[in-house]
Amino acid sequence: MCATVHGRDAARSATREASTSRPGTGALSPRYRGGRPVSGRHLFEIRRGVLQFHRPPDSGELVFLCWPVLVYRVTAPVLRVRHLNIVEKVVLALCRAGVRQPEDIAAKIHQSTELCEHVLRQLRADGRVDQVGAPTDRGVEALVTGRVGEEPEYVVTHVLQDPLTGRLWPRAARDLVFQRVSGVGDGQARLRLDSAGAPRPIAARIVGDGTDLALPRPPSAQEIINAVGAQRKAELARKAEQFTDLRDGRTPSASAVEKDLQAVSTELVLPHGVEVRRVLDTGRPAAEYLLLWLENGSEPGDGPQVRDPFGLDPNPMLRRLLADWNREDPGLADAVAQATDRSFARITEDYRTVREAVGRAAETRLVQRLGNELRRRPGTLKLLLGLEEAAARGGESGVETVAREAFRLYEHLLRRLVAEYPPPERPSWDAGNQTSAWETVKAALKRAAKTLGLDEPHRGGYLGAMTLSRTAILGYPAAYRQTRDIRAVINLDKGFVRDLLPYALIAAADPNSPHRRDHPLRALAGTRPGLLIELDELGRLRNRGSHNTRDATVEDDVEWCRLLALDAARVLVSMPPPPPERT
């Protein structure tokens, strides 16, 4: 039961080489020729199991990987920061205040004289107080910072090297913990993980199966120091997060840990490389596999993310390594792509489910406000549901979409109004066989708007913009008398608000119009006297115009668009259903 990168025969050769250096550990003897490493093929087998330093999540759709690493057992310096304990801090503070005799200190803090004598001896031995008990500069600094030591301490630990790129992981492990493998086959290792409730059987893809690898050079002394230091920083950063109280802000413990983190963040560089190499024992590397997993990101659309196997995210190196190995291992690239596809499919399904739920709830709410007659207006209902979906989506783009859907609803309304309440064949300003002057027609349109009770827009607004359609407006009476069909005058299927509004105003308020008393636009104008101004603002909002009076980033505009659209929908519901929708 072994997994090899290049086959069983070659694996046996690699096993013999490993056994001569460190039996049973998978250790390798690096060899170099002419300054370049000899090919280190057939490096990896699963002998003792798979390394596992952190417990994966007990739930969720995870993709497990057996990741090849070269493990070095090293002696390396770490920066240990020791803090004053409470008794040391109080004794040092009393010494600074002039209370320096053990019996006087004991009386102040209600402790034994022997304990105070012991603390003073320690402070004196560390150079924190002088012979008479007065704090030294080091003692004052320790009292201010709370720290009494930042000296390097040498520890025995393990560092990990990527065999493909030669980069050292920014992590270190005191102990190697192996998870037993129950079987290997088809490029996968079968494991049984500890989880809440019951063991969890998994299959982990073996990364690099069939990849041609060469044994990289061993890491330098400084690289090892940096890796061990990065592990310490990551641990302290995690402690600082754990000590954070979201209700009451940062706790004193978090502040203390952050001070340690600041101290360790200064790169630990030992000046004498020769001495460092004498201390550091890089030893021979062991070729092992490390358990990694891909997990869905915290934000929708993130896709699968590779997690730090030490439980110390973020680990920026992992994303780079995944990209490097994807180019070398087509099977890994395919597994990542499949995980991405599954994540996208799940997000799509979740979105569809939520969208349907939003649609059902929105339809119920709209029917309650507009009546059951809305269900007989599928075109109007569809536009309203599109608006509600955009409102539920939220964000700046959602606000723009809400404005766009509200504007489309007014286009739908005006097309219906012009089709079913056409303007008169001979409006009051018609000059018969002669074309009326544009100023005469424009004045008539303004009178119609005023008759309906509509406020005049600023800077002309839609009334001023109608100059772009004046040829059609001036010529409509003659064309209408010839065809008796308003569709010969204007394309109702593609007409926009600016094109349709003049004909609706004429039909609703011109003295010669047969619809001026019962035209639905009269009711809408009574509800919204500022309609012409609001349509102008709505058009600017949907297009994100640089001079719009409303801000598309303000969520209040969503409700404004919704209310404006609902008033248009009330008019549509009050009208008979159009022929395609009549039942």
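# Salt bridges and a helix pair

Arg 416 is a buried residue, at 8% relative accessible area. Its salt-bridge partner is Glu 420, with the closest N and O atoms 2.8 Å apart. Keep in mind that this is a predicted model. Across the whole structure there are 22 salt bridges, and a few of them get a closer look below, along with one helix packing and a couple of single residues.

**Salt bridge within α12**

- Glu 420 and Arg 416 both sit in helix α12, and since they are 4 residues apart there, about one helical turn separates them.
- The two ends differ in burial class: Glu 420 is partly exposed at 26% relative accessibility, while Arg 416 comes out as buried at 8%.
- For burial, the cut-off is under 20% relative accessible area, so the 8% of Arg 416 puts that residue in the buried class.

**Salt bridge between α11 and α19**

- Glu 388 pairs with Arg 562, and here the closest N and O atoms are 2.9 Å apart.
- Glu 388 belongs to helix α11 (residues 378–393) and Arg 562 to helix α19 (residues 556–574), so this pair ties together parts that lie 174 residues apart in sequence.
- Both partners are tucked away: Glu 388 is buried with a relative accessible area of 5%, and Arg 562 also counts as buried, at 17%.
- The pair isn't on its own, as Glu 388 and Arg 562 are linked with Arg 365 and Glu 559 in a network of salt bridges.

**Salt bridge of Glu 373 and Arg 376**

- The side chains of Glu 373 and Arg 376 form a salt bridge too, at 3.1 Å from N to O.
- Glu 373 is partly exposed, with 28% relative accessible area.
- Arg 376 is likewise partly exposed, at 33%.

**Glu 405 in α12**

- Helix α12 (residues 395–420) is also where you'll find Glu 405.
- Glu 405 is buried, its relative accessible area being 12%.
- Leaving aside residues up to four places away in sequence, Glu 405 touches Leu 383, Gly 386 and Leu 387.

**Pro 378 in α11**

- Pro 378 is located in helix α11.
- At 44% relative accessibility, Pro 378 counts as partly exposed.
- Pro 378 and Pro 577 are 199 residues apart along the chain, yet their C-alpha atoms are separated by 9.6 Å.

**How α13 packs on α16**

- Helix α13 (residues 438–452) packs against helix α16 (residues 497–509) at an angle of about 60 degrees, and the axes are 9 Å apart.
- That angle makes α13 oblique to α16. The roughly perpendicular class runs from 65 to 115 degrees and the roughly parallel one covers angles under 35, so about 60 degrees falls in neither.
- As for handedness, the crossing of α13 and α16 is left-handed.
- On the α13 side, the contact involves Leu 445, Ala 448, Ala 449, Thr 451 and Leu 452. Facing them from α16 are Pro 502, Leu 505, Ile 506, Ala 508 and Ala 509.
- Sorted by type, the residues of this contact come to 9 nonpolar and 1 polar, with no charged ones.

Key
Residues are numbered from 1 along each chain as its sequence is written. This is a predicted model: local features need pLDDT of at least 70, side-chain atom pairs count only at pLDDT 80 or more; totals for chains, interfaces and linings use all residues. Side-chain values use heavy atoms; hydrogens and water are left out. Axes are lines fitted to C-alpha atoms, for helices over the stretch in contact, and angles run from 0 to 180 degrees between N-to-C directions. Helices (H or I, at least four residues) and strands (E, at least two) are DSSP runs, numbered from the N terminus. Angles under 35 degrees count as roughly parallel, over 145 as roughly antiparallel, 65 to 115 as roughly perpendicular and the rest as oblique. A crossing is left-handed if the near helix is turned anticlockwise from the far one by less than a right angle, and right-handed if clockwise. Contact means heavy atoms within 4.5 Å. Ala, Val, Leu, Ile, Met, Phe, Trp, Tyr, Cys and Pro count as nonpolar, Asp, Glu, Lys and Arg as charged, and the others, Gly among them, as polar. Buried means under 20% relative accessible area, exposed over 50%, partly exposed in between (1.4 Å probe, protein chains only). A salt bridge is a side-chain nitrogen of Lys or Arg within 4 Å of a carboxyl oxygen of Asp or Glu.
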